[in-house]
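Reader: I am in my first year and would be grateful for a close look at one part of this model, the interior. Please describe what lines it, and then follow the neighbouring elements outward step by step.

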Amino acid sequence: MIDQHESQLASTVLMVRPAQFHCNPLAAVSNAFMQAIDRTPAEEQALAEQEFDGLVAVLQRAAVDVIVVDDTVEPETPDAVFPNNWMSTHADGRFVMYPMAVANRREERRDDIVELLEERGFSVSSVVNLSAHEKDEQFLEGTGSLVLDRPNRIAYACRSARTHSAVLDEFATRFGYALVVFDAVDQRGQAIYHTNVMMNIGESFAVVCLESIPSRNERDAVVRSLGRTGHEIIDISQQQLLSMAGNMLELRSRDGQHLLAMSARARMSLSDAQRDRLESYATIVSAPINSIEESAGGSVRCMLAEIHLPETDAHD
């Protein structure tokens, strides 16, 4: 039975500390946000570790529970710092593993993380493994591809090489979600690889780059859907999108405070008016992760796998 009372906001997140971070050329094929950086792999790894630890510290000071898992040196997984692409958790206890478009990212899926969450006092009722779709070249990269409005059971998704309609339909059927699907492109007209780069949904607001949706009908459908669920739309520009302003995540602290996690670059790109609107809903928490953003083309939201699983009596 699907829990229809799932909160939008998690107070626990899982993060994977990188062990072999560097620009992944296989991912660059479909991720236009990645940049060619003149650094050695050792330099990239050192910077990524520093930025990762800084973000963890910022979240912990804001009273978010952070479960840190160390990546393994072998197999080499340069994008392991983005666990939200291969996993999601849900209030009915289901843990989902997703089909990944980039071959070397498939090694990021780890059964031991399921075991770790159970050891930490969370209940996993079942593991839903969608990775068999990979053999048919059909992909859905977790809450990168899916921007979920959990209480209202609506999943927003932009079409791309990493987001396939067949897997979208299976997710929607299994989890009881309605789909709002659309095309989204960057300033050069290239498909945006992940939905969570151009939009995010909080409890009462949604940050969306509406100009990235070229179809007026599809753009209007997104606006109507968010309007029906009572979300205030905070529209960002394509330039702000490039600064990762769409890649943020609302969380709840242990004492019930609403927090909005984003990178320092994303925060700086916002106008005063946009920041004021966002801060009317949540306290912004940010950290500089420039190297991770540049080399891997993802940002803070991609680094946070929300834990929505029910807690057991053993949870401390």
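**The lining of the largest cavity and the elements around it**

Author: The residues that line the largest cavity comprise 8 nonpolar, 5 polar and 4 charged ones. Please keep in mind that this is a predicted model. Searching the whole structure yields 2 cavities of 30 Å³ or more, and the largest has a volume of about 150 Å³. Its lining is made up of 17 residues, of which Val147, Leu148, Ile201, Leu249 and Arg301 are the closest to the centre. Three elements each give two or more residues to this lining: β6 (147-149), β9 (199-201) and β12 (249-252). The largest share, 3 residues, comes from β9.

Let us now follow β6 away from the cavity. Strand β6 pairs with β7 in the antiparallel sense, over 3 bridges. Val147, one of the residues closest to the centre of the cavity, has Tyr156 as its bridge partner in β7. The two strands form a hairpin with 4 residues between them, and in this hairpin Arg153 takes a positive phi near 55°.

How many of the residues of strand β7 are buried? In β7 (residues 154-158), 5 of 5 residues are buried, and the strand is mostly covered. A general point about strands helps here. In a regular strand, side chains alternate between the two faces of the sheet. In β7 both faces are covered: Ile154, Tyr156 and Cys158 lie on one side, Ala155 and Ala157 lie on the other, and all of them are buried. Strand β7 also pairs with β8 (residues 178-182), here in the parallel sense and over 5 bridges. Within that pairing, Ala155 has Leu179 of β8 as its bridge partner.

Leu179 also offers a link to another sheet. The C-alpha atom of Leu179 lies 32 Å from that of Val69, and the two residues are 110 residues apart along the chain. Val69 belongs to strand β2. The sheet that contains β2 is open and has 3 strands in the order β2-β1-β15, with mixed pairing. Its edge strands are β2 (65-70) and β15 (305-306), each of which pairs on one side only.

The pairings of β1 show what "mixed" refers to. Backbone hydrogen bonds are what pair the strands of a sheet, and the pairing may be parallel or antiparallel. Strand β1 (residues 12-17) runs parallel to β2, and 6 bridges join them. Leu14 has Ile67 as its bridge partner in β2, while Met15 has Val68. Towards β15 the pairing of β1 is antiparallel, over 2 bridges, and Val13 is partnered there by Glu306. Because 5 of the 6 residues of β1 are buried, this strand is largely enclosed by the rest of the structure.

Is Val69 itself buried or exposed? The cut-off for a buried residue is a relative accessible area under 20%. Val69 has a relative accessibility of 6%, and therefore counts as buried. Beyond its neighbours within four places in sequence, Val69 is in contact with Leu14, Met15, Val16, Arg17, Arg110, Ile113 and Leu116.

A loop residue can be examined by the same reasoning. Ser212 is located in the loop between β10 and α7 (216-228). Its relative accessibility is 0%, so Ser212 counts as buried. Neighbours within four places in sequence aside, the contacts of Ser212 are Asp183, Ala184, Val185, Ile192, Met198, Gln238 and Leu241.

Finally, a helix allows a comparison of two sides. An α-helix has 3.6 residues a turn, so residues three or four places apart point the same way. In helix α10 (residues 272-279), the buried residues include Gln274, Arg275 and Leu278. These residues are on the same side of α10 because they cover an arc of only 100° around the axis. Asp272, Ala273 and Asp276, on the other side of α10, are exposed. Among the elements that cover the buried residues of α10 are β10 (205-208), β11 (232-235), α8 (238-242), β13 (258-263), α9 (264-269) and β14 (283-287).

Methods
Residues numbered from 1 in each chain as written. Predicted model: local features only at pLDDT ≥ 70, side-chain atom pairs only at ≥ 80, totals over all residues. Heavy atoms only, no water. 1 Å grid on protein atoms, 1.4 Å probe; cavity = no way out; pocket = protein on both sides within 12 Å on 5 of 7 lines; lining within 4 Å. Points joined across faces, edges and corners; volume = space filled by probe spheres on them. Nonpolar A, V, L, I, M, F, W, Y, C, P; charged D, E, K, R; others polar. Buried < 20%, exposed > 50% of the residue type's maximum accessible area, 1.4 Å probe, protein only. Arc of directions from axis to C-beta. Contact = heavy atoms within 4.5 Å. Pairing = 2+ DSSP bridges.
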